[in-house]
Amino acid sequence: MPAYKRILLKLSGEALMGDDAYGINRATIVRMVQEVREVTQMGVEVAVVIGGGNIFRGVAGGSVGMDRATADYMGMLATVMNSLALADTMRQEGMVARVMSAIGIEQVVEPYVRPKALQYLEEGKVVVFAAGTGNPFFTTDTAAALRGAEIGAEIVLKATKVDGVYTADPKKDPSATRYARISFDEAITRNLQVMDGAAFALCRDQKLPIKVFSIFKAGALKRVVQGEDEGTLVHV
Ligand SMILES: Nc1ncnc2c1ncn2[C@@H]1O[C@H](COP(=O)(O)OP(=O)(O)OP(=O)(O)O)[C@@H](O)[C@H]1O
Ligand SMILES: O=c1ccn([C@@H]2O[C@H](COP(=O)(O)O)[C@@H](O)[C@H]2O)c(=O)[nH]1
């Protein structure tokens, strides 16, 4: 029995690389999609935001010297590519998905129109929100918080490379310990970098909880959706 009727799932772009150096690893995207399919089959309405770190990050080395906004638009376009790949893999796995973009690119995907997105969700289609917020100087974490609030999701699920929120970045500090729960205020005050501050602040203000869990752990998404103990809950 699912604990939620509607969720906003933020998928790590970087995790899409699998063991490759960049881009989209086929086995990885298929596995991610199959996990999403499992929760749609439970009757949960699923909206997805996917990052772009496997292709481009606006502040990354390749963009040094570039105008920041230009680099960020490149990052947003990278999320469009990931979104298209994700929706196409969903189609191959027997699901119905629609991609909606925050920036005008109508020949490729339809624009984000909130009532249309709500209609798709009510019809049981998976909606993939592409191009982040459509604005530079943001990230797809903030897009997940924004779209999650807009569509009335009950929770934002951040599926990422670590299995929760730690006292420090566990990839850099092996002595870091994981929180089972943490308040938005504490996460912001401690400047925990697992998600950007704008995303935390928006979710806090909208009383929209976040669950951070590992994208690599088989069955973790299903357990989170069933309300089981998995990852870290960020709460008001
Ligand atoms: N306090 C912390 N707790 C947990 N992870 C942290 C913390 N501080 C930093 N991190 C890092 O944050 C990363 C997750 O955030 P990030 O936005 O970089 O990845 P992502 O969302 O998975 O990728 P993408 O932006 O490509 O979608 C983790 O891989 C971890 O190394
Ligand atoms: O609203 C947004 C979302 C993203 N960007 C740019 O895209 C890249 C990739 O997104 P990640 O969240 O880092 O995976 C990001 O670094 C920004 O450069 C953006 O400008 N606005």
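## Lys-10 and its surroundings

In this predicted model, Lys-10 has contacts beyond its neighbours within four places in sequence with Val-49, Ile-50, Gly-51, Thr-140, Asp-141, Ala-144, Leu-157, Lys-158 and Ala-159. One of these partners, Asp-141, also engages Lys-10 through a polar contact between the two side chains, at 3.0 Å.

Lys-10 belongs to strand β1, which covers residues 6-11. Is Lys-10 buried or exposed? Its relative accessibility is 6%, so Lys-10 counts as buried.

## Thr-140 and Gly-13

Thr-140, a contact partner of Lys-10, is part of helix α4, which comprises residues 140-150. Because its relative accessibility is 14%, under the 20% limit, Thr-140 counts as buried. With residues up to four places away in sequence left out, Thr-140 touches Lys-10, Val-49, Ile-50, Gly-51, Thr-79 and Gly-132. Val-49, Ile-50 and Gly-51 therefore appear in the contact list of Thr-140 as well as in that of Lys-10.

Gly-13 is located in the loop that joins β1 to α1, the latter spanning residues 26-40. At a relative accessibility of 4%, Gly-13 is likewise classed as buried. Its contacts, apart from neighbours within four places in sequence, are Ile-50, Gly-51, Gly-52, Gly-53, Asn-54 and Asn-82.

## Annotated binding-site positions

Both Lys-10 and Gly-13 carry the feature "binding site" in the UniProt record, an unreviewed entry. The same annotation is placed at Leu-11, Ser-12, Gly-53, Arg-57, Thr-160, Tyr-166 and Asp-169. These positions extend over 160 residues of sequence and are spread in space as well, with C-alpha atoms up to 23.1 Å apart. From this set, Leu-11 is included in the lining of the largest cavity.

## Ligand 1

Which residues come nearest to ligand 1? Of the 23 residues around this ligand, they are Ser-12, Gly-13, Lys-158, Thr-160 and Asp-169. Among them, Ser-12, Gly-13, Thr-160 and Asp-169 are annotated in UniProt as binding-site positions, while Lys-158 is a contact partner of Lys-10.

Polar atoms of the protein approach ligand 1 at several places. A backbone polar atom of Glu-14 is 3.0 Å from an oxygen atom of the ligand, and an N or O atom in the side chain of Lys-161 is 3.4 Å from an oxygen atom of the ligand. A nitrogen atom of ligand 1 lies 2.8 Å from a polar backbone atom of Tyr-166. Taken alone, ligand 1 exposes 630 Å², of which the protein buries 90%.

## Ligand 2

Around ligand 2 there are 17 residues, with Arg-57, Asp-72, Thr-133, Asn-135 and Thr-140 coming nearest. Arg-57 is also one of the binding-site positions from the UniProt record.

The side chain of Thr-133 places a polar atom 2.7 Å from an oxygen atom of ligand 2. A polar backbone atom of Asn-135 is 2.7 Å from a nitrogen atom of the ligand, and a polar backbone atom of Gly-75 is 3.5 Å from an oxygen atom of the ligand. On its own, ligand 2 has 450 Å² of accessible area, and the protein covers 95% of this.

## Domain annotation

The unreviewed UniProt entry assigns residues 5-214 to the feature "domain: Aspartate/glutamate/uridylate kinase". Within residues 5-214, the chain is 36% helix and 18% strand. The C-alpha atoms at the two ends of residues 5-214 are 21 Å apart.

Key:
Residues numbered from 1 in each chain as written. Chains lettered and ligands numbered in written order. Predicted model: local features only at pLDDT ≥ 70, side-chain atom pairs only at ≥ 80, totals over all residues. Heavy atoms only, no water. UniProt positions renumbered as here; feature names shortened; annotations may be inferred. 1 Å grid on protein atoms, 1.4 Å probe; cavity = no way out; pocket = protein on both sides within 12 Å on 5 of 7 lines; lining within 4 Å. Helix = DSSP H or I, 4+ residues; strand = E, 2+ residues; numbered from the N terminus. Buried < 20%, exposed > 50% of the residue type's maximum accessible area, 1.4 Å probe, protein only. Contact = heavy atoms within 4.5 Å. Polar contact = N/O pair within 3.5 Å; in protein donor to acceptor, adjacent residues only side chain to side chain. Near = heavy atom within 4 Å. Areas by Shrake-Rupley, 256 points an atom, 1.4 Å probe, with all protein chains shown as cover.
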